[in-house]
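Please open the structure in your viewer and keep the selection tool at hand. The tour below proceeds stop by stop, stating at each one what to select and what is found there.

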Amino acid sequence: MLRIEHLIKTYSGKPAVDDLSLHIAKGEICGFIGHNGAGKTTTIKSVCGILGFDSGEIYVGGKSIKTEPLECKRHMAYIPDNPDLYDFLSGIKYLNFVADVYGIDATQRQERIHSYADMFELTANLAQSIATYSHGMKQKLALISAFIHDPEFIILDEPFVGLDPKAARIVKDLMREKCNAGGAVFFSTHVLEVAEKLCDKVAIIKSGKLVAYGDMDVVRGDSSLEDVFFELEADEND
Amino acid sequence: MIKTLFFINLRALGSNFMKGSGNKKTGGGKIFLLVLLVLYIAAVFVGMLAMFFHSLLEPFFTFGIGWLYFALLGLIAFGISVVGTIFTASAQIFAAKDNELLLSMPIKPSAILMSRLLVLLSFEYALTTVVMLPAFVLWLFGGYATAAGIIFFIMGVLLLPLMAMAAALLLAWILGTVSSRLRHKNIITLVLAVGFMLAYFYIMTNIQGYLGELVTKGAELAEAFRRAIPPLYAFGQSVAEGSAGSAMLFILWAVLPFAMAVVLVSRNYRKILITNRGGVKTVYKEKAVKASGALPALIRKELVHFWSKPFIILNSSIGSLFMLIFAVMVLVKKEAILSIIVDVAPMFGNLSPIPLMAVSLAILGVFNILSASLISLEGKSLWIAKSIPVPIRTIITSKVCTHLIVSGLPCLVASICAIIAFADGVTDCLIILLPPQVASALMAVCGVAVNLNHPKLEWTNEIYAVKQGASAMITMFGAMGLVVGLSLVYAILLQSIVTLTVFLWICTAVFAVAIVFIYSGLMKSGVRKFQEL
């Protein structure tokens, strides 16, 4: 579903992502872990086609984000770490906007809005302007908008920040459902316990380089993901 | 603490003005351009005021009502300061994004307020100096100045901004408090602002008549002025007569309201910031939804944004408002307009009313610079436009179309009204309809092109993207330059060769070619620029 090959992205000559390669197959959830400024968001934005990159290739569903960006975007959904949505729209208008852009017909969008808004307990607030939403509510709206067009691949940057425990649980369930239905999920997180429980694969990035990557069981071995993460951190410092 | 906050606010204001997209340093060229722009505005201001006060100096001092010269000057300085500060005061003092952050710190709310007031006061001092300087120079060299008068004048320059600040502060507070409790606050704010602006333009357009009356009925009006606005009477008396008593009175008039306003707002500042939030809660009731294509959805999104923010309308589409006023005027005041044209036409070589209508509408269209801020307004939400599966060409086209709707529709309404009132035959209809629409379309493509080259995506308040972006400035002054340039070319070179109608058609044809050229550029290099944002 996602294949990144030798991705290099620099800012003013400094590498933010340095020769990163990874692969996520259909049915897999891959966690992306790293300290602040490690290059997670840069990688994610490059995958979504928001940020250009210096070299390498990114394929979503077998299509290159460089040469066929629209095809790639049509099959994926992206949720940023800070959901800066159109504050001047109401929740329902935003969802309709997203549905229009992805070409979802009226019946389907009605059903999905109803279902997901109820699930995230946001229905009553849909008529409100997004400007009045809390961070968590914006995050929920962004999640609904991501699921509304039933993407095959979902990419999320810190999706659990600001969510209440119930909503966080719903997101985890939806991610698993998506994978069971043949989709894939790639998300960054700082919550190692969540990554450990939820992910089939894990990628650990440090200073732009992938320092560990593979099936969760293989990367973790007999210890916890937290131990592995700190060991890698210590190795690098030595 | 106030000093630290003051410099932070000043830096924030400066960076809002200078910063474009990303973390690029402001280039010397941009600074030079901005300095040039500020100097140009100041020169226009100074020139206009110098002409105005030059016509007043002699008669007022001859009739012994020299105080009225300064009272009027004070009134203008006060009015401009209040108008210039009220919306900024509202955004900077009551709706600043860092209010919550600062309130959470061990800082006295009064210190936060004072630091913000000082920034606004600095701005008012600059404005007051520019406004008052030409009248002062004329008076100084006109032979009417006295030593005491000069001292009291300088005192006036220092104190008038305090009066204006007090008024702006209270008006901004009332506006904020009232609007936060209203359901349709956008419309009400817009109506209030437009009403205010129309009143201002009405007074400015009739100023010659008032001046005539001032000179003929000087004593009568002076008395009325003295009773109606005693602080400015005191200011006028202190400078013109060198009266120390009036000066003392003026100090009281300036300092007391300011002190009272500051104490009043300062005491309630925390409460105001805490209670001035939220709006009317609407509960969602499920309704059938309609599906549409990506382009209509993008345009609808832009239009909702436009309508939801009165300051965007006021700062970027004032021409559309005037087009609608124009539409009503040509129907209701047809005879009056005709008589004005008959009076004015000989000055420009007997111009006929039809091309003049078209020129007026085209010029009003040029005042619409909405397209110049539509990219900047994406701000932090730009990720949405970049991550959706919509070609960038469509996104750029949606911006152009938004401008065309906002500017072209009122223009069409105004053209139809002008046709009903004045047109005689198909040729008249075409000239009233086409050139203004083409001018609007030119602004649409030029604005987007300029904005793609000078985006301002990092703002704390949308008003900075609309009002202070280099894009808006370049588009506005570029358009004004085009109008002035074409007028001069016609008046100096072509008037004797071609009629205004022919010249208008030539301009329309050139504009049309330019639109095609710029739009195709947008679809190629514009797309690349958007990708790089």
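**First stop: a charged patch on chain A**

Select A:Glu193, A:Glu226, A:Asp227 and A:Glu231, which gather on the surface as a patch of negative charge. Please bear in mind throughout that this is a predicted model. Which helix gives the patch its largest share? It is helix H9 of chain A, residues 225-237, which contributes three residues. Now select A:Glu231 alone; its place is in helix H9 of chain A. With a relative accessible area of 49%, A:Glu231 is classed as partly exposed, because the exposed class begins only over 50%.

**Second stop: salt bridges in chain A**

Side chains of opposite charge can pair when their charged atoms come close. Over all chains, the whole structure contains 17 salt bridges. Select A:Lys201 and A:Glu28 to view one of these pairs: their closest N and O atoms are 3.2 Å apart. The two residues come from distant parts of the chain, 173 residues apart. A:Lys201 belongs to strand E9 (residues 201-206) of chain A, while A:Glu28 sits in the loop between strand E2 (14-24) and strand E3 (29-33). Are these partners buried or exposed? Both A:Lys201 and A:Glu28 are buried.

Next, select A:Glu196 and A:Arg220, whose side chains also meet in a salt bridge, with an N to O distance of 3.4 Å. A:Glu196 lies in helix H7 (residues 192-198) of chain A and A:Arg220 in helix H8 (residues 216-220) of chain A, so this pair ties together parts that are 24 residues apart in sequence. A:Glu196 has a relative accessible area of 22% and is therefore partly exposed, since buried means under 20%.

**Third stop: a loop residue in chain A**

Select A:Asp105, in the loop between helix H3 (91-101) and helix H4 (106-119) of chain A. A:Asp105 is partly exposed, its relative accessible area being 39%. Add A:His149 to the selection and draw a line between the two C-alpha atoms. How many residues separate A:Asp105 and A:His149 in sequence, and how far apart are they in space? They are 44 residues apart in sequence and 9.9 Å apart from C-alpha to C-alpha.

**Fourth stop: chain B as a whole**

Turn now to chain B and colour it by secondary structure. The chain comes to 22 helices and zero strands. Chain B has 533 residues, of which 46% count as buried. Among contacts in chain B with a separation of 6 or more, 83% are between residues 24 or more positions apart. The chain exposes about 25,700 Å², and carbon and sulfur atoms supply 73% of that area.

**Fifth stop: a nonpolar patch on chain B**

Select B:Val328, B:Leu331, B:Val332, B:Ile405, B:Leu409, B:Leu412, B:Ile416 and B:Ile420, which make a nonpolar surface patch of about 700 Å². Helix H14 (318-332) and helix H18 (392-422) of chain B each supply at least two residues of this patch. The largest share, five residues, comes from H18(B). One residue to examine is B:Ile420, found in helix H18. B:Ile420 counts as exposed because its relative accessibility is 60%, and the exposed class lies over 50%.

**Sixth stop: a salt-bridge network in chain B**

Select B:Glu302 and B:Lys301, which form a salt bridge with closest N and O atoms 3.2 Å apart. B:Glu302 is buried at 4% relative accessibility, and B:Lys301 is likewise buried, with a relative accessible area of 4%. Extend the selection to B:Glu378 and B:Lys399: salt bridges that share partners join B:Lys301, B:Glu302, B:Glu378 and B:Lys399 into one network.

**Last stop: two residues in helices of chain B**

Select B:Gln237, which is found in helix H10 (residues 230-241) of chain B. At 15% relative accessibility, B:Gln237 counts as buried. Which residues does B:Gln237 contact, leaving aside its neighbours within four places in sequence? They are B:Trp67, B:Gly242, B:Ser243 and B:Ser246.

Finally, select B:Ser110, placed in helix H5 (residues 109-141) of chain B. B:Ser110 is partly exposed, with a relative accessible area of 27%. Add B:Gly79, which is 31 residues from B:Ser110 in sequence and 26 Å from B:Ser110 in space, C-alpha to C-alpha.

Technical notes: Residues numbered from 1 in each chain as written. Chains lettered and ligands numbered in written order. Predicted model: local features only at pLDDT ≥ 70, side-chain atom pairs only at ≥ 80, totals over all residues. Heavy atoms only, no water. Helix = DSSP H or I, 4+ residues; strand = E, 2+ residues; numbered from the N terminus. Buried < 20%, exposed > 50% of the residue type's maximum accessible area, 1.4 Å probe, protein only. Contact = heavy atoms within 4.5 Å. Patch = residues over 30% accessible without salt bridge, like charges linked within 9 Å, V, L, I, M, F, W, Y side chains within 5 Å. Areas by Shrake-Rupley, 256 points an atom, 1.4 Å probe, with all protein chains shown as cover. Salt bridge = Lys/Arg side-chain N within 4 Å of Asp/Glu carboxyl O. Lys, Arg positive; Asp, Glu negative; His and termini not counted. Charge placed at Lys NZ, Arg CZ, Asp CG, Glu CD.
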